[in-house]
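Visitor: I should like to take a close look at a single part of this protein. Please guide me through one strand and its surroundings.

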Amino acid sequence: MHSPRPTVQVPRMIRMRAGDNVAIVANDRGLPAGARIADGPTLLEAIPQGHKVALCDIPEGGAIVRYGVVIGHATRPLPAGSWVYEAVMRMPPAPSLDELPICTAPVPEPEPLAGYTFQGYRNADGSVGTRNILAIAMTVQCVAGVADIALERIRRELLPRYPNVDGAVALHHGYGCGVAIDAPGASIPVKTLRHIAQNPNFGGEVMLVSLGCEKLQPERLMPERFKDRGETHPDLVRLQDERHVGFGSMIDDILAMAETHLERLNRRRRETCPASDLVVGVQCGGSDAFSGATANPAVGHAADLLVRAGATVMFSEVTEVRDGIDQLTARAATPEVARDLIREMAWYDDYLRRGQADRSANTTPGNKRGGLSNIVEKAMGSIVKSGTMPIRGVVPPGERARDKGLLYAATPAGDFVCGTLQLAAGMNVHIFTTGRGTPYGLAEVPVIKVATRSDLARRWHDLMDIDAGRIASGEASIEALGQELFERILEVASGRKTWAEHWGIVNDLVLFNPGPVT
Ligand code: CA
């Protein structure tokens, strides 16, 4: 008989900047009281994985510094070796939007990265798809049930005859009627729906299902396509039209319209495209304290490589950059970009104020269990996804990205809303980092999921595409993992399936609608 051998773990800490007075525990199951940190204090209490330890004595009211930024002030004395968590810190106010540094941190012109390509579907407007998908757009939720039945038959009866088409999706949404469509906020959901239908993965094909009496009429949704047209249009099925007698005729019409679009889509072929045709949207969800130490810095390095290769990279999530706005305005390529950044922050501050909330409403119970004490700490870890390149432009919510390089797409941080707005902005690959774990996926673009911890990557081995926990364990550098992610992006853009695609895991599109419902 023998007792199980106790597992001896060498305490491992991650300190983000030399001046930080806290570090996070890297060990998988946390560390017990009495654990000795090399060149640091002995833990006074047990500290869970991802949570912070005071590296020196922090007096009451003293600054708690991580990422070189004050993430809070101590509400009581915190001796070296203490657990530093939400209840022992007070959150600082958000930086004022007046007198921010503008273009004070110019980035030297990056060395171009030549020779990287992927196999994509080039569209007439110059954009490039990474998938070849038939999309059924709709003006209003009323038609969603009919569109779904038609979609099921398209998948079963038509798609097998069009082998070059990757799939068919219905672009569901809860908008289109019962809303104050002339209110200022309404332009966001309307533009979002218009631009999602133009995502490069749909090949420039638009087929629209409308009810007939809804507020969001086809010519309002897509003025260029449906303006000055008579009652019939080859890309439109309107269920209330008199020609429809019974449900079957509606389905027949949608199927017939789908067939003409499938014939064109089926003629598309992948061709060699430069990496500069990529439009990569990055975001995080279910974050923990490792997000900002492993996965997000690796995404930041991949973002730098993409930008150097001429691609477009969009980072987003207003409440997760608000506390770092001074870093962003300093990195803006021009004063106009800095002004656009400030305008989006001010608009969102006001939006939250009207709802009697502020940026601190962002953090979740899971974030806090994962070691993120407040939105300041979460934001500092989130913002590193943007890498180090100059910010070339700002995409307001619902708009399509028009510039190349690193862009700030102003979206809420909520995963589905952010992904939906990045789709509208024209992304053709989505990068999603997670620490707590989420099975998130989209039907419209491939989503590459990056785990912040190896423990999650092991348990969710058939959901996570990349394990960034190897940075915490010392098996890989941030740069090596960023390079690996960059190469994976090119492979996935060329057709390699992500785990979410393999299983068919698909989340709903969720519109950002700041306007009133009637
Ligand atoms: Ca998010």
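Which residue in β16 does G281 stand opposite?

Guide: G281 stands opposite M314 in β16. Please bear in mind that the model shown here is predicted. G281 belongs to strand β15, which covers residues 279-284, and this strand is a suitable place from which to explore the structure.

Let us begin with the strand itself. β15 is mostly covered, for 6 of its 6 residues are buried. The side chains alternate in direction: V279, G281 and Q283 point one way, while V280, V282 and C284 point the other way. Residues on both sides are buried.

The neighbours of β15 come next. With β16, which comprises residues 312-315, β15 shares 3 bridges, and the two strands run parallel. Between these two strands the chain passes through helix α6, residues 295-308, and the resulting β-α-β crossover is right-handed. β15 is also joined to strand β19, residues 429-434, by 5 bridges, again in a parallel arrangement. In that pairing, Q283 stands opposite F432.

These strands belong to a wider sheet. It is an open sheet of 7 strands with parallel pairing, and its order is β17-β18-β16-β15-β19-β20-β21. At the edges stand β17 (391-395) and β21 (466-467); each has a single partner strand, so one side of each is left without a neighbour in the sheet. Further along from β15, β16 pairs with strand β18, residues 405-409, in the parallel sense over 4 bridges. There, V313 has L406 in β18 as its bridge partner.

The end of β15 leads to a metal site. Two of its residues, Q283 through OE1 and C284 through O, are protein donors of the calcium ion. The other protein donors are E317 (OE), A413 (O) and D415 (OD), and the donors lie 2.3 to 2.6 Å from the ion. Written along the sequence, the spacing of the donor residues is Q-C-x32-E-x95-A-x1-D. Within this set, E317 and D415 link distant parts of the chain: E317 is in the loop between β16 and α7 (325-331), whereas D415 is in helix α11 (residues 415-424), 98 residues apart. Both E317 and D415 are buried.

The nonpolar interior may be considered next. In soluble globular proteins, nonpolar side chains tend to be buried together. In this model, the largest nonpolar core has 59 residues, and those with the most contacts inside it are L278, L341, Y408, I431, L485 and I489. Helix α6 gives the most to this core, with 8 residues. L485 shows what such contacts look like: leaving aside residues up to four places away in sequence, L485 touches A298, V299, A302, I431, I448, V450 and I466. There is also a second, separate core of 37 residues, which includes L171, L193, L407 and A425.

Aromatic rings offer another view of how the chain is arranged. A pair of aromatic rings is described by the distance of the centres and the angle of the planes. A search of the whole structure finds 11 aromatic pairs. One of them is formed by W347 and F512, which are edge-to-face, with 6.1 Å from centre to centre and 85° between the planes. W347 lies in helix α8 (residues 335-354) and F512 in the segment after α15 (499-503), so this pair ties together parts that are 165 residues apart in sequence. W347 is partly exposed, with a relative accessible area of 31%, whereas F512 is buried, with a relative accessible area of 6%. The rings of Y351 and F512 have their centres 5.3 Å apart and their planes at 90°, so they too form an edge-to-face pair. This pair also links distant parts of the chain, with Y351 in helix α8 and F512 in the segment after α15, 161 residues apart. Y351 counts as partly exposed, at 24% relative accessibility. Together, W347, Y348, Y351 and F512 form one aromatic cluster.

To return to the starting point, β15 is a strand of buried residues that pairs with β16 and with β19, and its residues Q283 and C284 are among the donors of the calcium ion.

Methods:
Residues are numbered from 1 along each chain as its sequence is written. This is a predicted model: local features need pLDDT of at least 70, side-chain atom pairs count only at pLDDT 80 or more; totals for chains, interfaces and linings use all residues. Side-chain values use heavy atoms; hydrogens and water are left out. Buried means under 20% relative accessible area, exposed over 50%, partly exposed in between (1.4 Å probe, protein chains only). Two strands pair if DSSP finds at least two bridges between them. A crossover is right-handed if, with the strands pointing away from the viewer, the path from the first strand over the helix to the second runs clockwise. A nonpolar core is a set of buried Ala, Val, Leu, Ile, Met, Phe, Trp, Tyr and Cys residues joined through side-chain atoms within 4.5 Å. Contact means heavy atoms within 4.5 Å. Donors are N, O and S atoms within 2.8 Å of the metal (3.2 Å for Na, K and Ca); water is not among the atoms, so sites may look incomplete. Rings of Phe, Tyr and Trp (its six-membered ring) pair if their centres lie within 6.5 Å; planes under 30 degrees apart count as stacked, over 60 as edge-to-face and the rest as tilted.
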